[in-house]
Amino acid sequence: MLTALTRSLLLVFVMVWWGGTVVQAQDAYYTPSPPKPKPDSSLIYGRIKSHYYIRAEASTFRVRSRIAGDEFYSVAPFGLNVKGGLIAGFSFRDKWEIETGLKKLGIYTSIEFDQHKSFGAAPGSLDGLGLRINYWHIPVTGKVVVWRPSRKINALGTLGMGYSWQGNDGISFAGPVAMQVGIGLPDGSMLSYTTRSNYTKKPSFVTGEVGLELNWFFGRKLGLTVAAKRFFGPATVLQLESQLVEDTQGTTYKVLSQTGANGTSLIAGLRYRLY
């Protein structure tokens, strides 16, 4: 038979043991979940998830001209010929992209007539004529990442095609169309000649393109894009015929210049990621 004191001590021991078990069980049951890991910082720069984007860009299109005619004519440079555009695209799992939009292309031709070699004018005397037609252009381009040196930089190969048509403000001459000109010769005499020019053009055409694009993501949603593309299109989009007539003796010089939608386009733009 247990004494009253023994029974009391045993009861206290059981209660302490049972209470500790309950507390431990409660502590185990109410232990808070570990904090969720922070998302990969690469998501900030659009490296993992699929997303949409837009890009405002400026581009220059340098085309190839061909001339045939008198030896005193040659192809003349036309300048940068910069045009703007707005592009929208979709990036799939940061590996593949497809984009389209609306931009402008300037198809141009330009010629120079050497007055020094033909008329005996002072060295460097030239008569130039340039013609540019502005086309609206809708590209559809597919891209794939070919190099990624860091989370913020990638390079993509591009392949696509586009449709172009002439805008309402498409024709711009950078030189005389029909004009009589007088020049002074080194011997003090005067010489006059008349120039006349006309042109034909395609109202629309289709092109293919291949290129390389580089993106640098310098902000959470912003990136800088630079690209170089090679266009392949019709051999003749713009044709310019010009003749120059020396008024005194009637000597006539003729040239035919043809320009296709074949050339190199350099692009720079600001890209904005849409969530």
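Student: Glu213 and Lys143: buried or exposed?
Tutor: Both Glu213 and Lys143 are buried in this predicted model.

Student: What do their side chains do there?
Tutor: Glu213 and Lys143 meet in a salt bridge, at 3.0 Å from N to O. Glu213 belongs to strand β9 (residues 204–216) and Lys143 to strand β5, so the contact ties together parts that are 70 residues apart in sequence.

Student: Which residue pairs with Lys143 at 2.9 Å?
Tutor: That's Glu99, with the closest N and O atoms of this salt bridge 2.9 Å apart. Lys143 sits in strand β5 and Glu99 in strand β4, 44 residues apart, so to speak of distant parts of the chain is fair here.

Student: And Glu99, buried or exposed?
Tutor: Glu99 is buried, and so is Lys143.

Student: Which residues are linked in the salt-bridge network?
Tutor: The network links Arg55, Glu57, Glu97, Glu99, Lys103, Lys143, Glu213 and Arg271.

Student: How many salt bridges does the structure hold?
Tutor: Nine. Another one to look at joins Lys229 and Glu209, where the closest N and O atoms are 2.8 Å apart. Here Lys229 comes from strand β10 (residues 222–232) and Glu209 from strand β9, with their positions 20 residues apart in the chain.

Student: Why do Lys229 and Glu209 count as buried?
Tutor: Buried means under 20% relative accessible area. Lys229 has 8%, so Lys229 is buried. Glu209 has 3%, so Glu209 is buried too.

Student: Switching to holes. How many cavities of 30 Å³ or more are there?
Tutor: Two. The largest has a volume of about 80 Å³, and the second largest has about 50 Å³.

Student: Start with the second one. What lines it?
Tutor: The lining of the second largest cavity is Arg55, Glu57, Ile87, Glu99, Thr100, Lys103, Pro139, Thr141, Lys229 and Ile267. You've met some of these names already: Arg55, Glu57, Glu99 and Lys103 are among the residues in the salt-bridge network, and Lys229 is the partner of Glu209.

Student: What's the split by class for that lining?
Tutor: For the second largest cavity, three nonpolar, two polar and five charged residues.

Student: Which element gives the most?
Tutor: β4, with three residues of the second cavity's lining. β1 (51–69), β4 and β5 each supply at least two.

Student: OK, and which residues line the largest cavity?
Tutor: Tyr73, Ile111, Phe113, Asp127, Gly128, Leu129, Pro176, Thr195, Ser197, Ser242, Gln243 and Leu244. The elements giving two or more residues are β4 (96–114), β5 (126–150), β8 (190–201) and β11 (238–246).

Student: How does that lining break down by class?
Tutor: The largest cavity's lining has six nonpolar, five polar and one charged residues.

Student: How do β8 and β11 pair?
Tutor: β8 and β11 pair in the antiparallel sense over nine bridges. As an example, the bridge partner of Lys201 in β11 is Leu238.

Student: What about β11 and β12?
Tutor: β11 and strand β12 (residues 252–274) run antiparallel too, joined by eight bridges. Ser242, one of the residues lining the largest cavity, has Val255 as its bridge partner in β12.

Student: How many residues sit between β11 and β12?
Tutor: Five, and the two strands form a hairpin. Gly250, in the turn, has a positive phi of about 80°.

Key. Residues numbered from 1 in each chain as written. Heavy atoms only, no water. 1 Å grid on protein atoms, 1.4 Å probe; cavity = no way out; pocket = protein on both sides within 12 Å on 5 of 7 lines; lining within 4 Å. Points joined across faces, edges and corners; volume = space filled by probe spheres on them. Helix = DSSP H or I, 4+ residues; strand = E, 2+ residues; numbered from the N terminus. Nonpolar A, V, L, I, M, F, W, Y, C, P; charged D, E, K, R; others polar. Pairing = 2+ DSSP bridges. Salt bridge = Lys/Arg side-chain N within 4 Å of Asp/Glu carboxyl O. Buried < 20%, exposed > 50% of the residue type's maximum accessible area, 1.4 Å probe, protein only.
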